[in-house]
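Got a minute to walk through a model with me? Have a look at it first, and then we'll talk.

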Amino acid sequence: MTEVLMNSKDVMSVLAETGAIREGHFKLPNGEHTNYYFQMPLALRYFNYARRLSVGLSRLLRLVPQVAAQLPKISIVGASTGGIPVSYGVREALQADQIMWAEGGREGQLRFRQYDEVQKGENCVLVDDLILSGRTMKSLISLVKNAGGKILAIGVIADPKIAPLDFGDIPFVRLIDIPTLHFPNGQACTLCKETGAPTTVEW
């Protein structure tokens, strides 16, 4: 049987091999500069890689006491489209009840589809492939809490450590930390001085 558990070196190898992470000097659409460019769907499109990453994340989530205590009666909730493949993989690994995901609604606010909302008192684990500023995850937290759901934990595949994250008393786990240089613009970017003009990329 093929080993499905992954350490940090394994995770980085998968992300690099699939192009889900590229190292260099990049300018993002919002004008920010960074030394890593993330496209996590490029790794998650491969079933075996997506499964291994999800199993690794699920092992960390299972170590959270409140998650372990409620299994399998929990719902895995994905943060927008990036969280959908992670939701399926983590649900399978944890043998959780169901999955659902939020979508972008009007004015950029997340929403659930009608008849597919979190119910009052429902135990939820929130997941995503990548976390940057934390704004999307905080929006999902508000959405779930406003619906009356109980958030047991948050889990993501990769955390570039771009911004300090504060989710209060909600346990937060990540499969891998990838400390990333991050600059608000070209004037503040030390990479521009060292390597010249960046490569402009899309989200």
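What follows is a chat in questions and answers, going from the ground rules to single residues.

Reader: Before we start, what kind of model is this, predicted or not, and how are residues numbered?

Author: Local features here need pLDDT of at least 70, side-chain atom pairs count only at pLDDT 80 or more, and totals for chains, interfaces and linings use all residues, since this is a predicted model. Side-chain values use heavy atoms, with hydrogens and water left out, and residues are numbered from 1 along each chain as its sequence is written.

Reader: Okay, what is the strand order in the open sheet of 4 strands?

Author: First, the terms: strands (E, at least two residues) and helices (H or I, at least four) are DSSP runs numbered from the N terminus, and two strands pair if DSSP finds at least two bridges between them. The pairing in this sheet is mixed. Its edge strands, each pairing on one side only, are β10 (182-183) and β11 (199-200). Put together, the order reads β10-β2-β1-β11.

Reader: Which residue in β2 is the bridge partner of lysine 27?

Author: Strand β1 covers residues 21-27 and strand β2 covers residues 33-38, and they pair in the antiparallel sense over 5 bridges. For lysine 27, the bridge partner in β2 is histidine 33.

Reader: In helix α1, where do the buried residues fall, and within what arc?

Author: Buried means under 20% relative accessible area, exposed over 50%, and partly exposed in between (1.4 Å probe, protein chains only). In α1 (residues 8-18), the buried ones are Val11, Val14, Leu15 and Thr18. They line one face of the helix, because seen down the axis (taking directions from the axis to the C-beta atoms) they fall within an arc of 95°.

Reader: And which exposed residues sit on the face of α1 turned away from its buried side?

Author: The buried residues of α1 pack against β1, α2 (41-44), α3 (47-62) and β9 (172-177), where contact means heavy atoms within 4.5 Å. The face turned away from that buried side carries exposed residues: Lys9 and Glu17.

Reader: What follows α1, and is that residue buried or exposed?

Author: The helix is followed by glycine 19, which has a positive phi near 80°. Glycine 19 is placed in the loop between α1 and β1. Not counting residues up to four places away in sequence, glycine 19 touches Gln39 and Leu42. With a relative accessible area of 8%, glycine 19 is buried.

Reader: How far from glutamate 122 is the nearest side chain of opposite charge?

Author: Glutamate 122 is in the loop between β6 (110-111) and β7 (123-130). It is buried yet has no salt bridge, meaning a side-chain nitrogen of Lys or Arg within 4 Å of a carboxyl oxygen of Asp or Glu. With Lys and Arg counted as positive and Asp and Glu as negative, and His and the chain ends not counted, the nearest opposite charge is on lysine 73, and the distance is 11 Å.

Reader: So which side chain does the side chain of glutamate 122 make a polar contact with?

Author: Leaving aside neighbours within four places in sequence, glutamate 122 is in contact with several residues, including Gln98, Met100 and Lys150. A polar contact is a pair of N or O atoms within 3.5 Å; within protein, one must be able to donate a hydrogen and the other to accept it, and residues adjacent in sequence count only if both atoms are side-chain atoms. At 2.4 Å, the partner is serine 75.

Reader: How many salt bridges does a search of the whole structure find?

Author: Side chains of opposite charge can pair when their charged atoms come close. One of the bridges joins glutamate 103 and arginine 111, with the closest N and O atoms 3.7 Å apart. Arginine 174 forms another with aspartate 177, at 3.1 Å. The search of the whole structure finds 4.

Reader: Which residue of β8 does arginine 174 meet in a salt bridge?

Author: The N to O distance of this pair is 3.0 Å. Arginine 174 lies in strand β9 and its partner in strand β8 (residues 150-159), so the pair ties together parts that are 15 residues apart in sequence. The partner is buried, with a relative accessible area of 1%: aspartate 159.

Reader: Last one: which residue does a cis peptide bond join to leucine 71?

Author: Most residues other than glycine have a negative phi, and most peptide bonds are trans. Here, omega is about 0°. The residue is in the loop between α4 (65-70) and β3 (75-78), and its name is proline 72.
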